[in-house]
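Grab a coffee and work through these exercises with the model open beside you. Try each task before reading its solution.

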Amino acid sequence: MASIQKHRDKFQVRVRRKGYPTISRTFAKLADAKEWANHQERKADRGELGPDRKELDRITLADLVERYRDEVLPGKKGGSVEAIMLTAFLRHSICKKRLSELTVTDFIRWKDERMTATAARKAITAKSAKRLLSPIQRMFELAMTEWDIPLRENPLSNFRLKVIDNKRQRRLREGEFERLIEASKKTRNPLVLPIARLALETAMRRGEILALRVRDIDLERHSVTVRESKNGYSRTIPLSAAAVVVLTDAIGKMSSAEKARNGRLFPLAPNALLLSWNRLTKRAGIDDLNFHDLRHEAVSRLFELGLTVPEVASLPGHRDMRMLFRYAHATHPSITANMALADLSSAA
């Protein structure tokens, strides 16, 4: 709010507003002082005054990132993965910057540096850079709206990063899963192979499999219920004979106490599974197979069985049918075989 005090023959105005520096000015006429005070308060209401640099000088980017990671992400779906990303981000020198001096240019420099390979570090893609900056952009919005951090604007609001659409279409090649089975005999994590088998048989996501509990499995009806998926909806998935074997074995290995308290079938953290999967594929001599590719493989096999788009959509839980088009493609060998059998000249 504004205050006006008369000093000798002058009128001194002070405008104080939380989150903004105190501003003052002296006028010879009271009317001019009141007009200027009202004008500054309107500017403050519109957020047009500069932020309080003294308060922003006390806060670094690291302070915000740590608060967001520790207070917000634990209650957010997928927060554990974002927490790992932000912890790695905290090691970069940009996090030492004070909010009073942080600009979009700093993030552009960070992006240019991270997308350039060095002897000690692999370059990241534009897609990876955008994925990392997404939670940081949300963090700034939260800081301004709920944490009372006097930022004038989100430093990433004008950040633009062109991402090439290079969605993966990786399918299992002949003999690869057999190599994974053989390599699993030497793995220290006995859960990684049954989880991979289940992903291949059900097209479930990693998080959905890791969240499965005893109550979600109905072996009599050969079905499993996903209580909450990535899009926020639940769904029931029919089980193949191979999937029933995997789940029956997983339940059989649980103690009576674990079953009684409705324990998780695969008590493994998402990052632990990711690390185990990377070690398994490396041991099998496969260097370009992501765990999520098993979901792609599963959905593609469903199409190859002759199922319709609505039938397939009910299993992986896609709400948008367009999402299925990047899954529903044949392998190059099957295309070659079908083309060889087709008499294309007859269509002319």
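## Exercise 1: An odd backbone angle

A203 sits in the loop that links α8 and α9 (206-210). Keep in mind that this is a predicted model.

**Task.** Work out what is unusual about the phi of A203, and decide whether A203 is buried or exposed.

**Solution.**
- Step 1: look at the angle. Phi of A203 is near 65 degrees, a positive value in a residue other than glycine.
- Step 2: put that in context. Most residues other than glycine have a negative phi.
- Step 3: check the cover. A203 has a relative accessibility of 0%, so it counts as buried.

## Exercise 2: Another positive phi

**Task.** Find the loop that holds N262, then say what sign its phi has and whether N262 is buried or exposed.

**Solution.**
- Step 1: place the residue. N262 belongs to the loop between α11 (256-260) and α12 (270-283).
- Step 2: read the angle. Here phi is near 60 degrees, which is positive, and N262 is a residue other than glycine.
- Step 3: apply the cut-off. Buried means under 20% relative accessible area. N262 comes in at 18%, so it is buried.

## Exercise 3: A strand pair and a serine

**Task.** Describe how β5 and β6 run relative to each other, then work out which residue stands opposite S223 and what S223 touches.

**Solution.**
- Step 1: find the strands. β5 covers residues 223-226, and four bridges join it to β6 in an antiparallel arrangement.
- Step 2: sort β6 by face. In this strand (residues 235-238), R235 and I237 make up the covered face, while T236 and P238 are on the uncovered one.
- Step 3: locate the serine. S223 is part of β5, and its opposite number in β6 is P238.
- Step 4: list the contacts. Setting aside neighbours within four places in sequence, S223 is in contact with D216, I217, D218, T236, I237, P238 and L239.
- Step 5: check the cover. The relative accessible area of S223 is 12%, so S223 is buried.

## Exercise 4: Mapping a pocket

**Task.** For the second largest pocket, work out how much space it holds, which helix gives the most to its lining, and how its lining residues divide by type.

**Solution.**
- Step 1: get the volume. About 310 Å³ of space lies in this second largest pocket.
- Step 2: look at the wall. The lining has 18 residues, and L191, A250, K253, L265 and F266 lie nearest the centre of the pocket.
- Step 3: trace the helices. Both α8 (192-202) and α10 (241-252) supply at least two lining residues, and α10 gives the most, with four.
- Step 4: sort the lining by type. You should get eleven nonpolar residues, one polar and six charged.

## Exercise 5: A helix residue and a proline

**Task.** Say how far apart E141 and P155 are in sequence and in space, and classify the exposure of E141.

**Solution.**
- Step 1: place E141. You'll find E141 in helix α6 (residues 126-145).
- Step 2: take both separations. E141 and P155 are 14 residues apart in sequence, and their C-alpha atoms are 9.7 Å apart in space.
- Step 3: classify. The relative accessibility of E141 is 37%, so E141 counts as partly exposed.

## Exercise 6: Zooming out

**Task.** Sum up the whole chain: how many helices and strands does it have, and what share of its residues count as buried?

**Solution.**
- Step 1: count elements. The chain has 15 helices and six strands.
- Step 2: check burial. Of its 348 residues, 38% count as buried.
- Step 3: look at contact range. Among contacts between residues at least 6 apart in sequence, 59% join residues at least 24 apart.
- Step 4: finish with the surface. The chain exposes about 21,000 Å², with carbon and sulfur atoms supplying 51% of it.

Conventions
Residues are numbered from 1 along each chain as its sequence is written. This is a predicted model: local features need pLDDT of at least 70, side-chain atom pairs count only at pLDDT 80 or more; totals for chains, interfaces and linings use all residues. Side-chain values use heavy atoms; hydrogens and water are left out. On a 1 Å grid over the protein atoms alone, a cavity is a set of points where a 1.4 Å probe fits but cannot get out, and a pocket is an open set with protein on both sides within 12 Å along at least five of seven lines; lining residues have an atom within 4 Å of a point. Grid points are joined across faces, edges and corners, and a volume is the space filled by probe spheres set on the points. Ala, Val, Leu, Ile, Met, Phe, Trp, Tyr, Cys and Pro count as nonpolar, Asp, Glu, Lys and Arg as charged, and the others, Gly among them, as polar. Buried means under 20% relative accessible area, exposed over 50%, partly exposed in between (1.4 Å probe, protein chains only). Two strands pair if DSSP finds at least two bridges between them. Contact means heavy atoms within 4.5 Å. Accessible areas come from the Shrake-Rupley method with a 1.4 Å probe; for residues, only the protein chains shown count as cover.
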